[in-house]
Amino acid sequence: MAPVPALLPLSILEAIQNIDTPQDDGLGALEDELASKRLGLSPTVAAQVARYRDQVKSGGEVPDDEALAVFRLVGRRPDAALVYADAGRRAARYAAKRLGTGTRGMIAAAPGRAGVALALRAVARLGRRWLLADVRVSDGRLRCEMPDSLGWRARDDGTGCQFYTAAFAELLRQVGGLEWSVVHELCRGRGDRDCLWRAMRAEGYE
Ligand SMILES: [Zn+2]
């Protein structure tokens with residue numbers, strides 16, 4: 001398996017930290033007790049997040065089995081869908097940061113449909129490079145078909161697919177300011193042969 005962009009496991013660990021951080025309820029003693037139990041508050045996770053952040057700055061990569069192990073940390077949790085979705089949005093924001101200022105400027109300057117077309121191409125490129133998702137532009141829409149993914153391998157009931165659904169929506173927002181609907185139409189977790197996502201303008205459903 002090819003190496004994996006460090007921003008993918010980083011996003012998962014950051015999401016775990018985010019969701020495991022308790023609201024300040026004034027119960028300090030209880031928090032101490034929780035802290036020892038919650039993965040997201042552990043010093044080991046904090047240290048790993050710091051290492052991944054350094055790697056992400058230089059576009060670094062990690063071995064596939066290491067990234068999969070991080071994705072699987074979420075798989076056992078009852079709130080896995082929530083964590084994967086939060087992580088997907090984070091990964092999209094990291095990916096969007098890799099967009100060159102030239103492309104960003106062109107997207108912003110291009111009028112209407114031309115701007116949307118440029119944004120979709122950029123989203124597809126970023127998705128393939130940084131999310132390892134086979135995102136393609138077809139007929140003015142976005143389409144991603146994957147027989148295999150880190151999300152799928154981490155949770156074969158399709159819960160891990162939430163990562164990509166959330167990531168594509170956020171990437172469209174970050175790159176093109178597009179508030180599109182992303183639908184996970186086919187899923188191996190539901191017995192389909194491949195996982196398929198489609199993104200389109202909300203009015204495309206009429
Ligand atoms: Zn799926």
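Start by selecting S138 in this predicted model: S138 stands opposite R141 in strand 4. You are now at a hairpin, where two residues sit between strand 3 and strand 4. Pick D139 next, in the loop that joins strand 3 to strand 4. Its phi is near 60°, a positive value in a residue that isn't glycine. D139 counts as exposed because its relative accessibility is 79%.

**Along the hairpin and into the sheet**

Now color strand 3 and strand 4 together. Four bridges pair strand 3 with strand 4 in the antiparallel sense. Show the side chains of strand 4 and you can tell its two faces apart: L142, C144 and M146 are on the covered face, while R141, R143 and E145 are on the uncovered one.

From L142, step across to strand 6, where its bridge partner is A199. Strand 4 and strand 6 are antiparallel too, with five bridges between them. Keep going to strand 5: five bridges join strand 5 to strand 6, and this pair also runs antiparallel. Select H184 here and you'll find it opposite W197 in strand 6. Hold on to H184, as the tour comes back to it.

Zoom out to take in the whole sheet. What is the order of its four strands? Reading across, the order is 3-4-6-5, in an open sheet with antiparallel pairing. Strand 3 (135-138) and strand 5 (181-186) are the edge strands, each pairing on one side only. On average, neighbouring strands are turned by 25° against each other, direction ignored.

**The helices on the sheet**

Add helix 7 (residues 112-130), which packs on the sheet and touches strand 3 and strand 4 (141-146). Its direction makes about 160° with that of strand 3. Then add helix 9, which lies across strand 3, strand 4, strand 5 and strand 6. Helix 9 runs at about 150° to strand 5.

Between helix 7 and strand 3 there is a loop, and L132 is in it. L132 is another stop for anyone checking backbone angles: its phi is near 55°, positive in a residue other than glycine. With a relative accessible area of 41%, L132 is partly exposed.

**The zinc site**

Back to H184. Which residues donate to the zinc ion? Select C161 (SG), H184 (NE2), C187 (SG) and C195 (SG), which lie 2.1 to 2.3 Å from the zinc ion. The angles among these four donor atoms are 99 to 118°, and the site is tetrahedral. For reference, the ideal angle for four tetrahedral donors is 109.5 degrees. If you want to find the donors in the sequence, look for the spacing C-x22-H-x2-C-x7-C.

The pair C161 and C195 links distant parts of the chain, 34 residues apart. C161 is in the loop between helix 8 (150-154) and helix 9 (162-176), and C195 is in strand 6 (residues 195-200). Buried or exposed, these two? Both C161 and C195 are buried.

While you're here, click on L186 in strand 5. Leaving out neighbours within four places in sequence, L186 is in contact with D192, D194, C195 and L196, so C195 turns up again among the contacts of a residue that is partly exposed at 37% relative accessibility. Try a distance label as well: the C-alpha atoms of L186 and P147 are 11 Å apart, with their positions 39 residues apart along the chain.

**Two buried charged side chains**

Go back to helix 9 and select E170. Why does E170 count as buried? Because its relative accessibility is 5%, and the cut-off for buried is under 20%. Two polar contacts of its side chain are worth drawing: one with the side chain of R93 at 3.4 Å, and one with the side chain of Q174 at 2.7 Å. Not counting residues up to four places away in sequence, E170 touches R89, A92 and R93.

Last stop: R77, in the loop between helix 4 (64-75) and helix 5 (80-97). R77 is buried as well, with a relative accessible area of 16%. Draw its polar contact with the side chain of D20, side chain to side chain, at 2.8 Å. Beyond its neighbours within four places in sequence, R77 is in contact with I16, I19, D20, V83 and R155.

Notes
Residues are numbered from 1 along each chain as its sequence is written. This is a predicted model: local features need pLDDT of at least 70, side-chain atom pairs count only at pLDDT 80 or more; totals for chains, interfaces and linings use all residues. Side-chain values use heavy atoms; hydrogens and water are left out. Donors are N, O and S atoms within 2.8 Å of the metal (3.2 Å for Na, K and Ca); water is not among the atoms, so sites may look incomplete. Four donors count as tetrahedral if all angles lie between 85 and 135 degrees; four count as square planar and six as octahedral if opposite donors are over 155 degrees apart and all others between 65 and 115; anything else is irregular. Buried means under 20% relative accessible area, exposed over 50%, partly exposed in between (1.4 Å probe, protein chains only). A polar contact is a pair of N or O atoms within 3.5 Å; within protein, one must be able to donate a hydrogen and the other to accept it, and residues adjacent in sequence count only if both atoms are side-chain atoms. Contact means heavy atoms within 4.5 Å. Two strands pair if DSSP finds at least two bridges between them. Axes are lines fitted to C-alpha atoms, for helices over the stretch in contact, and angles run from 0 to 180 degrees between N-to-C directions.
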